[in-house]
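Student: Please take a close look at the salt bridges in this model, and then at the pocket that goes with them. What pairs up, and where does each partner sit?

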Amino acid sequence: AHENTGLQSQLPPEEQNYGTTAAHVRQGPFVSVSRNGPAKRDYLIAAVLCYANLINFMDWFIVPGILLDIQKYFKLSDGDTGLLQTVFILCYMLAAPIFGYLGDRYNRKIILGAGIVFWSGVTLGSSFISELYYWIFFLSRGLVGIGTASYSTIAPTIIADLFEEGKRTTMLSIFYIFIPVGSGLGYVLAAGMAGVTGDWHWAFRITPCMGGLALVLLILLVPHRTQRRTAAHRALSISGTIRVAAEKAGVHRTAKTTWCQDVISLAKNWSFVWSSLGLTAMAFVTGALGMWVPVFLYRAQVVQGIVSPCLEESCNSSNSLIFGGITIGTGILGVIAGAETARRLRKINNKADPLICATSMCISALCLYIALMVAQTNILSTFIFIAFGELFLSVNWAVVTDILLYVVTPRRQSTAIALQILVSHLLGDAGSPYLIGIISNAIQDKNARSFQWSFWSMQYSFIICAFVGVFGGGFFLLTSFYIEEDRKAAER
């Protein structure tokens with residue numbers, strides 16, 4: 001869930017996803033307190049919020065970073081293991097609109113502080129759960145999802161209120177860049193701590209300490225009440241599963257249409273419909289990759305004889321370290337490259353945005369398919385093609401958001417953002433890790449238990465991501481057929 005601010009082609013990078021999708025709301029003229037420019041204190045507050053956002057997304061990806069150890073410790077099947085991330089995303093998705101509603105009505109600093117304390121406490125507590133109580137570990141991941149939703153939904157609105165139009169886009173871009181950085185560091189921290197201590201539980205004991213520092217900085221630096229822009233025009237944010245919320249309180253007070261009428265209108269907007277389905281395909285692929293790639297690489301290495309099976313000792317986490325680095329680099333590079341490519345090509349082709357998305361989705365799907373096929377013979381090539389696959393996926397995040405902003409009329413944008421994110425998570429990354437695990441389980445159950453079949457089952461189930469990626473490219477291609485007409489309609 002992410003936030004929006006003045007419409008500029010350089011959109012705030014979002015999440016990549018790895019689970020997250022950003023949104024920007026075009027703003028009308030707003031009433032604000034006149035000032036000469038942001039004070040140093042405003043930049044300090046933004047820095048504190050960026051730091052906490054880093055911790056937020058590190059907590060998202062600690063579990064995938066040490067998935068082998070967790071799977072072994074709790075004796076989980078692939079299906080049950082995939083359910084871990086599904087529980088997290090669903091709780092996050094359902095809690096975000098609630099916190100969006102609360103954030104518009106109550107003190108945001110208190111909600112942020114409580115959220116940090118809650119998710120950090122639950123993360124720390126999850127490191128002490130016995131292997132007999134695996135269901136408590138599942139519950140803890142759901143509670144962490146609820147805690148992080150409180151932060152992702154509200155923090156961007158404070159940044160949006162601190163800065164005027166031009167600066168605001170820059171500051172939000174910096175805020176969102178911490179999504180791929182935090183995601184990648186989550187893998188690195190988890191794998192690093194498990195490697196150094198020989199005990200994966202320690203991976204869950206570092207971010208709570210960082211959260212404690214964030215809480216102290218929040219209390220000391222963030223004012224009790226920040227100056228709000230008018231409710232109708234303040235940038236509305238919602239991280240990872242954004243929000244169905246504040247429009248009823250703000251935007252729709254001035255609109256003549258009901259929420260149901262807006263939804264019906266959006267359902268007839270084919271550019272919005274097809275681009276949302278394309279975004280859902282992106283979320284499906286990124287969710288599955290984020291959860292399962294380190295495990296897939298480990299199984300490939302076992303089959304090749306590069307590493308020995310971790311039956312008793314702590315599992316080798318080098319794959320998570322490398323994948324974390326790839327996630328950071330491709331996330332930042334992809335978002336910037338996508339925004340810049342779109343800015344240049346728009347000048348010569350009105351359909352540039354959906355065509356860029358369609359092309360990059362298909363290239364990404366091809367790269368991922370090649371990565372799966374070469375995994376049993378060449379691990380280096382697999383890493384290279386996974387990196388290119390993630391890079392081309394990341395190209396689309398900012399561009400998809402921009403499409404929504406100019407094909408949907410401004411007074412319906414909040415509703416459009418909420419619906420798009422709800423659908424993309426519900427049909428995308430909420431279910432894909434579980435689906436991959438279930439298919440892998442089914443294949444293993446029909447064949448003799450062996451390391452070879454353990455690898456093949458994951459390889460075959462992963463191929464679904466390549467097909468979904470191609471479908472996503474097709475959805476963006478369909479968007480290009482309607483985009484000029486819908487853009488003109490929105491401008492009217």
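Tutor: In this predicted model, the side chains of D78 and R299 form a salt bridge, with 2.8 Å between the closest N and O atoms. The pair links distant parts of the chain: D78 belongs to helix α4 (residues 78–105) and R299 to helix α11, 221 residues apart. Both D78 and R299 are buried.

R299 also leads to the largest pocket. R299 is among the residues that lie nearest the centre of that pocket, together with Q71, Q444, F451 and S454. The lining comprises 23 residues in total, and the volume of the pocket is about 650 Å³. Two or more lining residues come from each of α3 (67–73), α11 (270–304), α17 (432–445) and α18 (451–491). Of the elements, α18 gives the most, with four residues. Sorted by class, the lining has 11 nonpolar residues, six polar ones and six charged ones. Domain 1 (38–226) and domain 2 (259–491) both give residues to this lining, so the pocket lies between them.

The count of salt bridges comes to four. Another of them joins E340 to R343, at 2.6 Å from N to O. E340 and R343 are three residues apart in helix α12 (residues 318–345), and therefore about one helical turn separates them. Are these two side chains buried or exposed? E340 has a relative accessibility of 24%, so it counts as partly exposed, given that buried means under 20% and exposed over 50%. R343 is likewise partly exposed, because its relative accessible area is 30%.

D353 and R346 make a further salt bridge, with the closest N and O atoms 3.1 Å apart. D353 has 0% relative accessibility and therefore counts as buried. R346, its partner, is partly exposed, because its relative accessible area is 22%. Salt bridges with shared partners also join E340, R343 and R344 into one network.

To put the pieces together: D78 and R299 are a buried pair that links helix α4 with helix α11, and R299 is also one of the residues nearest the centre of the largest pocket. That pocket lies between domain 1 and domain 2. E340 and R343, by contrast, pair within helix α12, and E340 belongs to a network with R343 and R344.

How values were computed
Residues are numbered from 1 along each chain as its sequence is written. This is a predicted model: local features need pLDDT of at least 70, side-chain atom pairs count only at pLDDT 80 or more; totals for chains, interfaces and linings use all residues. Side-chain values use heavy atoms; hydrogens and water are left out. On a 1 Å grid over the protein atoms alone, a cavity is a set of points where a 1.4 Å probe fits but cannot get out, and a pocket is an open set with protein on both sides within 12 Å along at least five of seven lines; lining residues have an atom within 4 Å of a point. Grid points are joined across faces, edges and corners, and a volume is the space filled by probe spheres set on the points. Ala, Val, Leu, Ile, Met, Phe, Trp, Tyr, Cys and Pro count as nonpolar, Asp, Glu, Lys and Arg as charged, and the others, Gly among them, as polar. Domain bounds come from an automatic or database domain assignment. Buried means under 20% relative accessible area, exposed over 50%, partly exposed in between (1.4 Å probe, protein chains only).
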